[in-house]
Amino acid sequence: MAGFDWKSREVHLFVAFRSSCQICVDELPVYQELSGKIGLTFLTPVGEVSELKRFLADRGAGAAQVVGVDYRSNKLVVTPLLVVAGADRTVRSVWRGRLR
């Protein structure tokens, strides 16, 4: 994840998210709540960053951080996928699918 500031906090929360994923859309209120409480970075395929930023802005989450990543090389094989990682880039926890 080029340009991501890993040292900005001790623990990071990421969600692999696509606006074309119905479960992602359904769970957006949960992600918005998490984003407001602890900070959340949305990960989307590189070519979909602008689309996701517009999608989130239209739903009141325009301030969310969106990072374009190569899903395959980062082993993001399903959306939604929540990932907790440390500043040392070590994955600590992963959740797939619905949270509710």
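These legends describe close-up views of a predicted model.

**View 1. Strand β4 is enclosed by the rest of the structure.** Strand β4 covers residues 81–86. Of its 6 residues, 6 are buried, so the strand is largely enclosed by what surrounds it. In a regular strand the side chains alternate between the two faces of the sheet. Here L81, V83 and A85 point one way. L82, V84 and G86 point the other way. Residues of both sets are buried.

**View 2. Strand β4 pairs with β1 and with β5.** Strand β1, residues 11–16, runs antiparallel to β4. The pairing of β1 and β4 spans 6 bridges. Within it, L13 stands opposite V84. Strand β5, residues 91–96, is also antiparallel to β4. This time 5 bridges join the two strands. A85 of β4 has V91 of β5 as its bridge partner.

**View 3. A hairpin connects β4 and β5.** The turn of this hairpin places 4 residues between the strands. R89 sits in that turn. Its phi is positive, at about 70°.

**View 4. The largest nonpolar core holds 18 residues.** V15, F17, Y31, L40, F42, L52 and L56 touch the most other members of this core. Four elements each give two or more residues: β1, α1 (22–38), α2 (49–58) and β4. The largest share, 4 residues, comes from α2. Apart from this core lies another one, of 12 residues. Among the members of that other core are A16, V69, L81 and V83. In soluble globular proteins, nonpolar side chains tend to be buried together.

**View 5. Y31 and its contacts from elsewhere in the chain.** Y31 is one of the residues that touch the most other members of the largest core. Neighbours within four places in sequence are left aside in this view. Y31 is then in contact with V15, F17, C24, L40 and F42, among others. Its contacts also include P80, L82, G97 and L99.

**View 6. A salt bridge joins R18 and E48.** The count of salt bridges in the model comes to 2. In this one, the side chains of R18 and E48 meet at 2.3 Å, N to O. The pair links distant parts of the chain, 30 residues apart. R18 is in the loop between β1 and α1. E48 is in the loop between β2 (41–45) and α2. R18 has a relative accessible area of 28%, so it is partly exposed. E48 counts as buried, because its relative accessibility is 18% and the cut-off for buried is under 20%.

**View 7. A salt bridge joins D26 and R98.** The side chains of D26 and R98 meet at 3.5 Å, N to O. D26 lies in helix α1 and R98 in the segment after β5, so the pair ties together parts 72 residues apart in sequence. Both ends are partly exposed: D26 has 29% relative accessibility, and R98 has a relative accessible area of 45%.

**View 8. T41 is buried in strand β2.** T41 lies in strand β2. Its relative accessible area is 6%, so T41 is buried. A polar contact of 3.2 Å joins the side chains of T41 and Q65. Leaving aside neighbours within four places in sequence, T41 is in contact with F4, L13, F14, V15, Q65 and V67.

Technical notes
Residues numbered from 1 in each chain as written. Predicted model: local features only at pLDDT ≥ 70, side-chain atom pairs only at ≥ 80, totals over all residues. Heavy atoms only, no water. Buried < 20%, exposed > 50% of the residue type's maximum accessible area, 1.4 Å probe, protein only. Pairing = 2+ DSSP bridges. Core = buried A, V, L, I, M, F, W, Y, C linked by side-chain atoms within 4.5 Å. Contact = heavy atoms within 4.5 Å. Salt bridge = Lys/Arg side-chain N within 4 Å of Asp/Glu carboxyl O. Polar contact = N/O pair within 3.5 Å; in protein donor to acceptor, adjacent residues only side chain to side chain.
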